[in-house]
Amino acid sequence: MLSRVLSSLGAMVGGRPLRAEPALREGDVTVVPSGCAHNCGGHCVLKAWVKDGRIVRLTTDERPDLDDDPQLRACPRGRSYLRRIYHPDRLLHPMMRVGARGEARFERVSWEEAIDSVAQAMVRARDRYGPAAFLNMHGTGGASLFAGSRMSQRLLNVFGGQLNHHNSYSSAAARWATPFSLGTADAGHSPDDWVNARLILLWGFNPTETVFGTNTSYRLKLARRAGARIVVIDPRFSATAQALADDWVPLRAGTDSALMDAMAFVTISEGLQDQAFLDRYCVGFDEEHLPAGAPVGASYRSYVLGLSDGIPKTPAWAEGYTQIPSERIVALAREFARTKPAALLAGLSFNRRAYGEQPVRGTVTLAAMTGNVGIPGGSPGGVSYSISRSLPIAEFPRGRNPIPESIPVFTWTDAIVRGTEMGAADGVTNLPEGQSRLRTNVRFLFNTAGNTLVNQHANVNRTVRILGDPSLVDFIVGIDQFITPSARFADVLLPAVTWFEKNDICGIWGHGHSLIFMNQAIAPLGECRTDYDICAAIADRLGVGSEFTEGKSELDWLEQMVAPAREADPSFPSFDEFRRRGVHVFKYERPHVAFREFRADPVEHPLATPSGKIEIYSQRLADMALEHVPPIPRFIPEWEGGPWDPLFEKYPLQAFGRHYQRRTHSIFDNVDWLEESQPQRIFMNPIDAAPRGIENGDLVRVFNDRGAIEIRARLTRRIIPGLVDVPQGGWWTPDERGIDQRGNVNVLTSERPTPGARGNAQHSNLVQVEKVRA
Amino acid sequence: MTGLAFHIDVSSCSGCKACQLACKDAHGLEAGRLWRRVVEVEGGEWTRKGNAWCSTVFAYTISLSCMHCERPACMTSCPTQAIVKRADGVVAVDGGACIGCRYCGWACPYGAPQFDAATGTMSKCDFCADERDAGRPPACVSACPLRALDWGPIDQLQARHGTLAQLPPLPDGAQTGATVVISPPARMSPLSPDCVQLANDEEILR
Ligand code: SF4
Ligand code: SF4
Ligand code: SF4
């Protein structure tokens with residue numbers, strides 16, 4: 001089968017010269033179109049050069065590089081993939097735990113033994129606790145259409161069901177909060193519209209490092225070339241600020257809402273707001289446009305001017321929190337209010353903070369005040385990367401789950417410890433009639449292509465205490481490519497293939513406009529199998545094999561998933577032709593502008609909010625009366641945010657874990673070429689290092705009440721004083737004292753959720769840093 | 001003068017190192033051997049003003065390979081004439097003649113030649129001779145997500161992008177006749193360029 005694929009592909013690429021170095025000149029190389037689809041939003045072309053069954057090189061897109069259809073070039077992570085496929089630590093055989101859970105002592109077993117053991121444990125747990133005790137962990141390692149945690153999600157559904165979870169670790173507060181303002185979370189313009197902007201504010205948005213969709217950075221470069229001024233608002237002088245910005249506004253991390261409120265103050269007090277737009281399209285900006293039941297003084301304008309609380313949100317007021325000089329705030333506010341059209345593109349960083357819901361709704365408010373909603377070159381704020389124009393593909397069906405109730409994903413450790421106490425107040429949704437709490441604690445964890453089980457969840461030391469307790473967790477199944485910190489905790493650990501050992505399609509994240517076929521290039525390494533095969537084998541052993549597979553092969557499923565593409569786009573090739581070409585780009589008549597119709601006629605095309613308008617004041621939020629989620633967005637000083645927190649005396653530095661260019665979350669942490677290019681370090685300002693006697697390259701200890709890590713310091717002026725950056729995703733590596741030696745920021749982060757979404761606030765942390773003396 | 005050269009657009013380089021990694025992939029370079037490296041520079045400062053921080057901080061990155069110089073210091077330092085300047089301007093090592101003494105690596109002001117422990121000889125950027133033979137651009141150029149690298153005959157690049165061949169902290173290009181065109185970053189310090197500092201020693205000095 002594999003050789004058939006390769007030879008047919010070989011014939012197809014035969015016309016191209018395939019040489020890179022003398023050894024490859026004999027015409028003995030086959031170039032197989034594939035791609036990279038981790039959860040960075042990227043959808044990048046990688047072509048595998050295969051010689052004697054081994055990949056010897058990876059090249060990227062070679063189609064013409066056009067402004068309106070730029071090549072889908074792979075990022076540094078994708079370009080390093082050879083070192084990941086053939087990494088000496090690849091998990092190649094099924095394993096069974098022999099030591100204590102988490103000790104990472106495993107014994108090689110046969111596939112049959114491994115599948116038997118999983119199936120028996122599943123039957124035992126179902127009979128004992130019922131299906132609601134099963135949780136399929138959040139896992140995004142395989143973000144293509146046909147891989148990853150969706151496979152085990154389907155498996156659990158065909159087996160009888162599972163506890164659902166909602167939200168994500170990326171955008172919980174953003175996707176929860178945006179609809180209160182705009183009626184939907186899919187509020188972005190397509191990136192080809194950015195050339196129409198005259199000003200672009202990249203607020204906590206760092207696509208050059210995160211990627212966030214292939215060519216997001218390049219589209220911004222094209223926008224700048226077309227005349228847009230770009231201003232980056234970020235506590236770090238990020239790679240985005242370096243490569244794309246005309247100006248950079250550093251601020252104290254987590255004070256975004258204070259800056260927004262002060263920008264609104266300047267705009268209002270200088271009369272620069274688009275009052276006609278606010279009057280016609282919005283609710284709750286001023287007292288005249290509050291919903292009927294709202295109390296006097298509840299409008300955003302009253303709050304900003306201090307009419308309701310006696311505190312005008314002046315630039316001087318904001319300077320105390322944000323550390324931005326007040327005159328800089330004034331200038332930024334004026335520029336944003338006067339330059340039209342202007343796009344405020346917010347990243348997801350501030351949504352992962354203590355009160356992450358506030359700045360998300362704040363961006364919508366600023367966009368509305370300046371009338372930038374529904375017009376080319378503008379942006380409505382909110383989750384401004386996620387557009388409503390989605391790709392015409394069918395998802396892999398997850399199956400029907402008889403269990404309706406759902407927990408916020410970030411609270412899964414609580415569902416283990418005190419699930420039967422958790423109800424609506426904990427963010428549990430869809431509880432069936434007559435049931436106010438979860439019916440059982442979570443007892444069985446299925447962890448496919450994910451590292452959230454340990455590494456990416458907050459407060460690692462707490463998590464591993466819970467997972468290590470056999471009285472709390474009966475069984476953990478792991479499916480992975482390496483023995484990651486999460487995989488260490490599996491009872492049965494099953495080896496999975498990489499992209500290059502299977503067929504798949506990459507078409508992830510809503511703003512992409514292309515599909516990439518990822519052809520299998522080599523036979524699976526060792527005894528590795530695809531996530532689909534593994535779950536199918538377990539289903540088979542459980543007697544539900546045909547329910548799981550519906551008798552379909554990998555390629556059958558893939559063909560079925562792109563069927564809608566052919567219906568939507570007559571130029572979409574046949575399945576075989578798509579596999580040969582590797583890339584299909586969808587062409588659209590014009591850029592997608594969110595809420596264009598609403599702008600044209602708000603009565604005919606109302607938003608999906610209760611009022612049909614942009615709700616700066618949300619009556620729904622007022623009715624929910626959640627603490628720290630007011631009906632209007634506003635600055636709330638964070639816990640573990642700054643000097644106002646009593647903890648600041650003990651832990652006087654803020655710490656966060658940005659997304660590092662050399663990893664997609666925790667993936668690629670073990671790749672040597674990437675460690676060489678961007679080593680794992682704590683980044684801190686010399687101003688904070690000097691009084692601590694810390695010099696560049698010193699080993700430092702970073703700690704708070706939750707734990708400690710030891711890591712080398714990189715001193716850099718590229719970060720605001722008072723903040724240290726431990727890029728997220730380092731693989732937790734405790735020494736005998738329990739001190740992490742790899743710089744896993746989640747040793748320091750808190751499991752305390754955001755108040756609305758009950759999402760992760762993993763960027764809000766206070767720590768101390770000290771030099772480790774030999 | 002029409003030798004091949006790189007255009008390094010520092011004004012839109014993010015320092016991502018896709019170029020460096022594509023080079024390693026194309027030439028099978030183990031960790032520790034860098035034919036292309038990315039130099040990070042930072043400057044400016046933070047000053048307190050009341051509660052606020054004022055910043056003049058800036059940074060830029062220069063993606064650097066061999067400069068394929070007109071008067072290659074590597075070549076003149078080589079005791080066995082193992083380094084040649086080809087007709088197309090490319091400076092290349094002849095592995096057969098190289099005795100691995102590393103003089104070229106020390107002589108080159110950019111530290112471009114890199115020791116290959118497996119063969120005991122020096123190795124360096126050959127401007128992707130095989131790629132060009134096959135009708136493709138150099139691997140680094142076609143890798144750059146921000147399209148910050150270009151290549152071509154030096155006179156054409158100069159006509160398009162000017163003649164700057166040096167940017168701190170690089171040595172003076174005139175020394176060896178570096179065949180390169182650099183577009184400077186948009187955000188240079190208001191201060192003198194002497195205030196910039198190499199920021200990523202550990203990633204490039206090997
Ligand atoms: S790939 Fe391009 S942007 Fe990235 S470091 Fe190299 S030259 Fe700079
Ligand atoms: S950069 Fe160095 S190695 Fe390259 S030609 Fe000039 S002196 Fe020789
Ligand atoms: S031209 Fe080729 S060998 Fe030289 S730096 Fe670029 S990729 Fe490396």
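**Paired strands in chains A and B**

Student: What makes S18 (residues 514-518) and S19 of chain A a pair?
Tutor: S18(A) and S19(A) share three bridges, in the antiparallel sense. Two strands pair if DSSP finds at least two bridges between them, so these two qualify. A strand here is a DSSP run of E, at least two residues, numbered from the N terminus.
Student: What should I know about the model?
Tutor: It is predicted: local features need pLDDT of at least 70, side-chain atom pairs count only at pLDDT 80 or more, and totals for chains, interfaces and linings use all residues. Residues count from 1 along each chain as written, chains are lettered from A and ligands numbered from 1 in written order, and side-chain values use heavy atoms, without hydrogens and water.
Student: Which residue is the bridge partner of Ile516(A) in S19(A)?
Tutor: Val583(A).
Student: Why is one side of S17 (504-506) and of S19 (583-585) in chain A left without a neighbour in the sheet?
Tutor: Each has a single partner strand, so both stand at the edges. The open sheet runs S17-S18-S19 in chain A, with antiparallel pairing. Its neighbouring strands are turned by 20° against each other on average, direction ignored.
Student: What makes S2 (residues 37-43) and S5 of chain B a pair?
Tutor: S2(B) and S5(B) have seven antiparallel bridges. With at least two required, they pair. Val38(B) stands opposite Ser63(B) in S5(B).
Student: Which strands of the S5-S2-S12 sheet in chain B are edge strands?
Tutor: S5 (58-64) and S12 (197-198) of chain B; each pairs on one side only. This sheet is open too, and antiparallel.

Note on methods. Helices (H or I, at least four residues) and strands (E, at least two) are DSSP runs, numbered from the N terminus. Axes are lines fitted to C-alpha atoms, for helices over the stretch in contact, and angles run from 0 to 180 degrees between N-to-C directions.
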